[in-house]
Amino acid sequence: MTKNIVAVCDNEICKKELEKACKYLGFIIKAEVQKDFKIKNEISIEEIKSSNVVLFAIDGTVEDIEKIERFIECEYYEVEPKFIIKDAKAIIDEIVSDIN
């Protein structure tokens with residue numbers, strides 16, 4: 001069964017590493033970048049609702065996320081971007097094994 005993941009990232013590097021890892025692992029990911037109170041590639045409500053999990057790859061707190069109300073009632077994980085950049089595949093593997 002394919003896993004759908006949505007992610008909110010602090011930066012483009014983190015987003016790209018997540019996309020590469022998900023492609024390699026066979027998962028679908030939709031990711032947006034939030035920086036300086038702006039959202040790039042905003043994830044839709046439909047994409048969020050159809051996801052298996054939400055990943056916040058941010059240095060701040062979840063409360064700092066723009067339009068946080070989109071993610072209410074979603075199962076989510078928080079990871080610092082530096083860990084995603086170091087080994088996104090291992091992070092995704094761990095999250096997916098946890099939701100199984």
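Colleague: Let's start with one residue: where is F37 found?
Modeller: Happy to, keeping in mind that this is a predicted model. The phi of F37 is positive, near 65 degrees, in a residue other than glycine. As for its place, F37 is found in the loop between β2 and β3.

Colleague: And is F37 buried or exposed?
Modeller: The cut-off for exposed is over 50% relative accessible area. F37 has 73%, so F37 counts as exposed.

Colleague: D36 caught my eye too; what is its phi?
Modeller: D36 is found in the loop between β2 and β3. With a relative accessibility of 61%, D36 counts as exposed. D36 is not a glycine, yet its phi is positive, at about 55 degrees.

Colleague: Turning to the sheet, what is the order of its strands?
Modeller: The sheet is open and has five strands, with mixed pairing. Read across the sheet, the order is β3-β2-β1-β4-β5.

Colleague: Which strands have one side left without a neighbour in the sheet, and why?
Modeller: Look at the edges, where each strand has a single partner, so one side of each is left without a neighbour in the sheet. The edge strands are residues 38–40 and 76–79, that is, β3 and β5.

Colleague: What does the twist average in this sheet?
Modeller: Here we step through the order β3-β2-β1-β4-β5. From one strand to the next, the twist averages 20 degrees.

Colleague: How many bridges join β1 to β4?
Modeller: β1 (residues 4–9) and β4 (residues 53–57) run parallel. I5 stands opposite V53 in β4. The number of bridges joining the two strands is five.

Colleague: At what angle does helix α1 run to β2?
Modeller: Helix α1, residues 12–25, lies across β1, β2, β3 and β4. Relative to β2 (28–35), α1 runs at about 175 degrees.

Colleague: Nice. Which element gives the most to the largest nonpolar core?
Modeller: That core has 21 residues, and among those touching the most other members are I5, A7, L18 and L55. The elements giving two or more residues are β1, α1, β2, β4, β5 and α3 (81–99). The most, six residues, come from α3.

Colleague: How many residues are in the second core?
Modeller: In soluble globular proteins, nonpolar side chains tend to be buried together. In the largest core, L55 has contacts beyond four places in sequence that include V6, A7, L18, Y77, I84 and I92. The second core is separate and includes V8, I43, I48 and F56; its residues number ten.

Conventions. Residues are numbered from 1 along each chain as its sequence is written. This is a predicted model: local features need pLDDT of at least 70, side-chain atom pairs count only at pLDDT 80 or more; totals for chains, interfaces and linings use all residues. Side-chain values use heavy atoms; hydrogens and water are left out. Two strands pair if DSSP finds at least two bridges between them. Helices (H or I, at least four residues) and strands (E, at least two) are DSSP runs, numbered from the N terminus. Axes are lines fitted to C-alpha atoms, for helices over the stretch in contact, and angles run from 0 to 180 degrees between N-to-C directions. Contact means heavy atoms within 4.5 Å. A nonpolar core is a set of buried Ala, Val, Leu, Ile, Met, Phe, Trp, Tyr and Cys residues joined through side-chain atoms within 4.5 Å. Buried means under 20% relative accessible area, exposed over 50%, partly exposed in between (1.4 Å probe, protein chains only).
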